[in-house]
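User: Please take a close look at one part of this model. Then follow the thread outward from there.

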Amino acid sequence: MSKIIVFTDTHMAINPRKGRPEPNARLAAGLKHVATFNADADCIIFCGDLTHEGDAPSYGLLQSRLQDATLPVHLMLGNHDNREAFRATFPDVPVDEGGFIQQVIDLPDLRLILLDTLFGPPYEYPASHAGYLCEARLAWLDRQLTQAANKPCCIFMHHPPHDTGFPAMDQIKLRNGDEFYACIERHSNVKHLICGHVHRTISGTHRGLPFSVFKSTVGQMPMQFTSLDSTVENDEPAAYGIVFFTPESTLVHTEDYEISGLETD
Ligand SMILES: [Fe+2]
């Protein structure tokens, strides 16, 4: 069995936005909760939007906060990140041959494939808020799936490659989802897909592949299916995901850790 913890959309900021949740404290509480109640997990995946502005001081803040982590941590990028600033702060994070923040983590019974869907450089907004997997990144994914032909794989990517029902976020999903699905449908070993970006707990299937999307640690997407404003958010409690993989099943839990009723002290 594998047990994976998923944090997403931590939006760390050296100068937190006025009136918004304080990301450093929220992440600290989340990591403490994991250390107390889920210390037996294999690792923690951070599914992108590590920072809000993609700036060096905010990556430095994240780096210092992650010293609290008691499990192996694997970092991914989202649309609010900056690949060059990230690499300057985290030079040891694995990259693929093109310099994209993509890596494979092989557990005994499962391959985790972490993709880099950041659409840049150039970082030109709002276009760069959508995600993209260029030909090189898709070819890398294809190779990782081929190499693990007899092993189940779980793919992690910040941007969902399909609509999730929120028009504002559907406008900035992965731009080339059809190419992504064409790639994975050449293989039979993709077991599950995990995304961030939407700041909301969502699950379902698309083109037959089960997916899970998790809430942010700082601000959630209001449950309104008509808004075209991707910046709206409410202050529902922060959450992280807990995913169990066995040969027979995938179990996906969400822990709203600020209201868990479990004392970390
Ligand atoms: Fe985000």
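Which residues does Gln103 touch, not counting residues up to four places away in sequence?

Analyst: Residues are numbered from 1 along each chain as its sequence is written, and side-chain values use heavy atoms, without hydrogens or water. The model is predicted: local features need pLDDT of at least 70, side-chain atom pairs count only at pLDDT 80 or more, and totals for chains, interfaces and linings use all residues.

Gln103 touches His74, Leu75, Val93, Pro94, Leu112, Ile113, Leu114 and Trp140, with residues up to four places away in sequence left out. Contact means heavy atoms within 4.5 Å. Gln103 sits in strand β4, residues 103-107. Helices (H or I, at least four residues) and strands (E, at least two) are DSSP runs, numbered from the N terminus. Gln103 is buried, at a relative accessible area of 10%. Buried means under 20% relative accessible area, exposed over 50%, and partly exposed in between (1.4 Å probe, protein chains only).

One of those contacts, Trp140, leads to helix α4. Trp140 is among the buried residues of α4, together with Arg137, Leu138, Leu141, Gln144 and Leu145. Seen down the helix axis, the buried residues fall within an arc of 155 degrees, so they line one face of α4. The arc is that of the directions from the helix axis to the C-beta atoms. On the other side, Glu135 and Gln147 are exposed. The cover over the buried residues includes α3 (83-89), β4, β5 (110-114), β6 (153-157), α6 (177-184) and β7 (190-195).

The length of α4 agrees with expectation. Its 13 residues (135-147) should span 18 Å at 1.5 Å a residue, and the end C-alpha atoms are 18 Å apart. The expected span is 1.5 Å times one less than the number of residues.

Helix α6, one of the elements covering α4, has buried residues of its own: Gly177, Phe180, Tyr181, Cys183 and Ile184. They fall within an arc of 155 degrees down the axis, so they line one face of α6. Their cover includes α4, β6, β7, β8 (202-206) and β9. Phe180 lies in this helix. Phe180 is buried, with a relative accessible area of 0%. Beyond its neighbours within four places in sequence, Phe180 is in contact with Leu115, Leu133, Leu138, Leu141, Ile155, Met157, Pro161, Leu174 and Leu193. Two of these, Leu138 and Leu141, are buried residues of α4. By contrast, the C-alpha atoms of Phe180 and Glu84 are separated by 25 Å, with their positions 96 residues apart along the chain.

Now the loop between β5 and α4. His129 is found there. Its contacts, apart from neighbours within four places in sequence, are Asn79, His80, His159, Ile172 and His197. His129 and Ile172 are 43 residues apart along the chain, with C-alpha atoms separated by 5.9 Å. Pro121 lies in this loop, and so does Pro126. The peptide bond from Gly120 to Pro121 is cis, with omega near -5 degrees. The bond joining Tyr125 and Pro126 is cis, with omega about 15 degrees. Most residues other than glycine have a negative phi, and most peptide bonds are trans.

Unusual phi values lead to the metal. Asp49 has a positive phi near 50 degrees. His199 has a positive phi of about 60 degrees. Asp49 is in the loop between β2 and α2, and His199 in the loop between β7 and β8. Asp49 is buried at 2% relative accessible area; His199 is buried at 11%.

The iron ion is coordinated by Asp9 (OD), His11 (NE2), Asp49 (OD) and His199 (NE2), at 2.0 to 2.3 Å. Donors are N, O and S atoms within 2.8 Å of the metal (3.2 Å for Na, K and Ca); water is not among the atoms, so sites may look incomplete. The four donor atoms subtend angles of 87 to 176 degrees, which makes the arrangement irregular. Four donors count as tetrahedral if all angles lie between 85 and 135 degrees; four count as square planar and six as octahedral if opposite donors are over 155 degrees apart and all others between 65 and 115; anything else is irregular. Along the chain the donors follow the spacing D-x1-H-x37-D-x149-H. Asp9 lies in the loop between β1 (2-7) and α1 (23-37), and Asp49 in the loop between β2 (43-46) and α2 (56-65), so the pair ties together parts that are 40 residues apart in sequence.
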